[in-house]
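Reader: I would like to work through some rings and a pocket with you, step by step. Could you show me the structure before I ask?

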Amino acid sequence: MTQGKLAGLLKLITIGLGVIGACVYFLILPGIGQDWAAEEGYGGYFWPWLLFLWGTGIPCYAALFEFWGICTEIKRDNSFCEENAIRLKTISLLILGDVAYFFAGNLIFMALGMSHPGVILLSLAVDVIGVGIGIAAAALSHLVYKAAVLKSENDLTI
């Protein structure tokens, strides 16, 4: 597979994730929220929860935007560059910030009596997965930076 085809495939996947995310945030979450609000008597909590959950999407789309830049560098056959290391670090920080926001928001809703303990337990599972992805992105950032340094040293010796 050529660099161009790989970058194109990664960009297609990025677009797909953006579309799936939009469906989740603007179709599935409001639908589920309205159903739960009607059944459980949490009707007054629908909009605060929906706005909170929409807030979690902002860092996700910012991370997709950063990943698009990585795909562009891959297409240019410049995978191991400092810009990609910085983008991966930014993605890591966005993910970890989103995890912190999600965790804190769930605690606040619980303290206000607008949540259920089961939701907290489920959110902890999501938080652990998010931390894992954030750490993986940070590790990749470090590795890409090291590779970029080696590449620049090799470019100077040739």
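Reader: Which class of exposure does Y101 fall into?

Author: This is a predicted model, in which local features need pLDDT of at least 70 and side-chain atom pairs count only at pLDDT 80 or more, while totals for chains, interfaces and linings use all residues. Residues are numbered from 1 along each chain as its sequence is written, and side-chain values use heavy atoms, with hydrogens and water left out. Buried means under 20% relative accessible area, exposed over 50% and partly exposed in between, for a 1.4 Å probe and protein chains only. Since Y101 has 35% relative accessibility, the residue counts as partly exposed.

Reader: Is F52 buried or exposed?

Author: The relative accessible area of F52 is 6%. By the cut-off for that class, F52 is buried.

Reader: How many aromatic pairs does a search of the whole structure find?

Author: Rings of Phe, Tyr and Trp (its six-membered ring) pair if their centres lie within 6.5 Å, and planes under 30 degrees apart count as stacked, over 60 as edge-to-face and the rest as tilted. Searching the whole structure on this basis gives a total of eight.

Reader: Why is the pair of W49 and F109 classed as it is?

Author: The ring centres of W49 and F109 are 4.3 Å apart. Their planes meet at 20°, so the pair is stacked.

Reader: What is the class of the pair formed by F52 and Y101?

Author: The centres of these rings, in F52 and Y101, lie 5.0 Å apart. Because their planes are at 35°, the pair is tilted.
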